[in-house]
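Welcome, and please open your viewer. We will go from one selection to the next, with a short stop at each.

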Amino acid sequence: MKKLVIHGGRRLSGEVTIGGAKNSTVALIPAAILAETPVKFDSVPDILDVYNLQAILNSMNVTSTFRGGELMIDPTNIVESELPSTAIKSLRASYYFMGSLLGRFGRATVTFPGGDNIGPRPIDQHIKGFEALGATVHEENDTVYINAENGLKAARIFLDVVSVGATMNIIMAAVHAEGTTVLENAAREPEIIDLATFLNNMGAQIRGAGTDVIRITGVKKLESKNTHTIIPDRIEAGTYLALAAAQGDGVLVKNVIPEHLESFTAKLLEMGVDLEVREDSIYVPKSVNLQPIHIKTAPFPGFATDLQQPVTPLLTLASGTSVIQETIYPERTRHIPELQKLGVDISNDVYGQINVTQSSNFHGARVSAAEIRAGASLVATGLMADGITEVINAEHVLRGYDHIVHKLTMLNADIQIAEE
């Protein structure tokens with residue numbers, strides 16, 4: 001077990017470069033097994049999820065090498081085999097192997113995935129999509145068995161709720177299905193466009209990614225002919241933007257796509273953060289006289305649920321009480337008691353509303369990261385606090401943030417990884 005040890009109170013300045021999107025990467029790696037040729041990615045974030053996915057690939061005789069942000073995957077000798085339950089259970093995104101294995105072999109057996117505990121995230125919409133394509137699905141002993149004995153056939157599928165995971169899984173399953181699948185009420189996140197771009201460059205026929213209606217015409221085979229560059233991570237970018245506004249004396253956040261962050265940067269501007277938005281970077285000056293705001297999380301292009309926790313430390317500097325309404329995962333509140341240990345005036349109610357009141361005199365404490373984004377909020381508050389903060393269960397933070405200790409150190413933070 002690892003912990004992050006933070007000596008707080010230091011002002012931040014300089015530049016930070018954002019890595020490739022975690023939420024793209026964890027779908028693109030499973031999608032690579034749909035190819036009949038080796039696949040190459042670059043701008044791959046150096047996070048624990050990548051190594052867990054490599055272990056799963058290895059169990060199927062799919063070789064991979066990861067070095068310097070470049071990931072090579074060779075699925076040409078893939079074999080069907082039982083996937084390692086340890087890696088599956090530590091990584092919720094392993095459920096993307098349901099769609100990719102179904103698309104590749106017409107069947108899949110996947111242990112029910114684990115990952116962050118932020119409340120119920122059912123896979124009923126994934127199953128609905130697989131069944132519409134002609135597969136039978138049953139669950140037994142935390143394992144999902146999917147089989148399309150007669151092959152996958154195109155269908156019209158309407159998602160009852162907008163789901164990024166289900167949208168991606170159905171796309172991967174449908175790329176080899178006979179006919180044209182129409183997926184309605186699809187999620188619109190940039191990571192879905194990234195997945196569709198990768199598959200289309202290999203010969204898939206996917207139209208409408210980024211809108212709520214996606215059409216997937218099945219093809220016989222997919223062949224990679226070039227390197228796919230993963231889009232920048234908008235959640236990592238938002239995390240550093242919020243931290244820079246809270247504790248920075250001038251920070252340039254590089255390698256961003258500003259259009260992916262408009263709902264987030266709009267809220268920072270509303271607070272009084274004088275952002276300078278450039279073509280592929282955003283400059284955050286020292287921020288003063290901040291105003292409280294109201295945030296309501298929503299599917300893209302709304303305010304991302306993954307950013308409600310990282311923005312919380314910044315809200316403590318506003319002159320009043322800010323309100324967050326968490327509509328995606330109402331149980332995403334495990335950071336609250338930990339932030340209170342650091343001196344943050346924060347509370348929540350049973351309706352998913354979080355109140356953050358102006359606070360000061362944060363003090364170091366020993367706190368626990370329950371999941372990735374909760375951990376990010378604790379790290380940010382620890383950097384703002386006086387004294388030493390220890391964030392235990394740091395694997396959660398390292399699982400989602402590329403080279404976070406190095407990047408923060410280069411911004412003048414005093415932070416180290418230590419064994420617990």
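Is lysine 254 buried, partly exposed or exposed? Lysine 254 is partly exposed, with a relative accessible area of 30%. Before you go further, please keep in mind that this model is predicted.

**Stop 1: the whole chain**

Start with everything shown as a cartoon. You are looking at 14 helices and 23 strands. The C-alpha trace spans about 65 × 45 × 40 Å along its principal axes. For 420 residues, a compact globule would have a radius of gyration near 22 Å, and the 21 Å of this chain agrees with that. Now switch on a surface: the accessible area is about 16300 Å², with 47% of it belonging to carbon and sulfur atoms. Beneath that surface, buried residues make up 55% of the 420 in the chain. If you draw a contact map, counting contacts with a separation of 6 or more, residues 24 or more positions apart account for 72% of them.

**Stop 2: lysine 254 and its partner**

Return to lysine 254 and add glutamate 15 to the selection. The two form a salt bridge, and their closest N and O atoms are 3.2 Å apart. This pair links distant parts of the chain: glutamate 15 lies in strand β2 (residues 12-17) and lysine 254 in strand β14 (residues 248-254), 239 residues apart. Glutamate 15, like its partner, is partly exposed, at 48% relative accessible area.

**Stop 3: along β14 to a hairpin**

Stay on β14 and select strand β16 (residues 281-284) as well. These two strands pair in the antiparallel sense over four bridges. Pick leucine 252 and you will find its bridge partner in β16, tyrosine 283. Next, select strand β15 (residues 276-277), which pairs with β16 in the antiparallel sense over two bridges. Here glutamate 276 has tyrosine 283 as its bridge partner. β15 and β16 form a hairpin, with three residues between them.

**Stop 4: more salt bridges**

How many salt bridges does a search of the whole structure find? The search finds 24, and a few more deserve a look.

Select arginine 156 and glutamate 184, whose side chains meet in a salt bridge at 3.3 Å, N to O. Arginine 156 is in strand β9 (residues 156-158) and glutamate 184 in strand β10 (residues 180-184), 28 residues apart. Arginine 156 counts as exposed at 57% relative accessibility, whereas glutamate 184 counts as partly exposed at 22%.

Now move to aspartate 306 and arginine 373, a salt bridge with its closest N and O atoms 3.9 Å apart. Aspartate 306 sits in the loop between β17 (294-296) and α10 (312-315), while arginine 373 belongs to helix α12 (residues 372-384), 67 residues away. Both aspartate 306 and arginine 373 are buried.

For a network, select Lys3, Arg366, Glu390 and Glu420, which are linked by salt bridges.

**Stop 5: helix α6**

Finish with residues 164-174. Why can helix α6 be called largely enclosed by the rest of the structure? Ten of its eleven residues are buried, so the helix is largely enclosed. Among the buried ones are Met168, Ile170, Ile171 and Met172. Then zoom in on the start of α6, where a side-chain oxygen of serine 163 reaches to within 3.0 Å of the backbone nitrogen of alanine 166.

Note on methods. Residues are numbered from 1 along each chain as its sequence is written. This is a predicted model: local features need pLDDT of at least 70, side-chain atom pairs count only at pLDDT 80 or more; totals for chains, interfaces and linings use all residues. Side-chain values use heavy atoms; hydrogens and water are left out. A salt bridge is a side-chain nitrogen of Lys or Arg within 4 Å of a carboxyl oxygen of Asp or Glu. Buried means under 20% relative accessible area, exposed over 50%, partly exposed in between (1.4 Å probe, protein chains only). A polar contact is a pair of N or O atoms within 3.5 Å; within protein, one must be able to donate a hydrogen and the other to accept it, and residues adjacent in sequence count only if both atoms are side-chain atoms. Two strands pair if DSSP finds at least two bridges between them. The radius of gyration is taken over C-alpha atoms; the globule rule is 2.2 Å times the number of residues to the power 0.38. Contact means heavy atoms within 4.5 Å. Accessible areas come from the Shrake-Rupley method with a 1.4 Å probe; for residues, only the protein chains shown count as cover.
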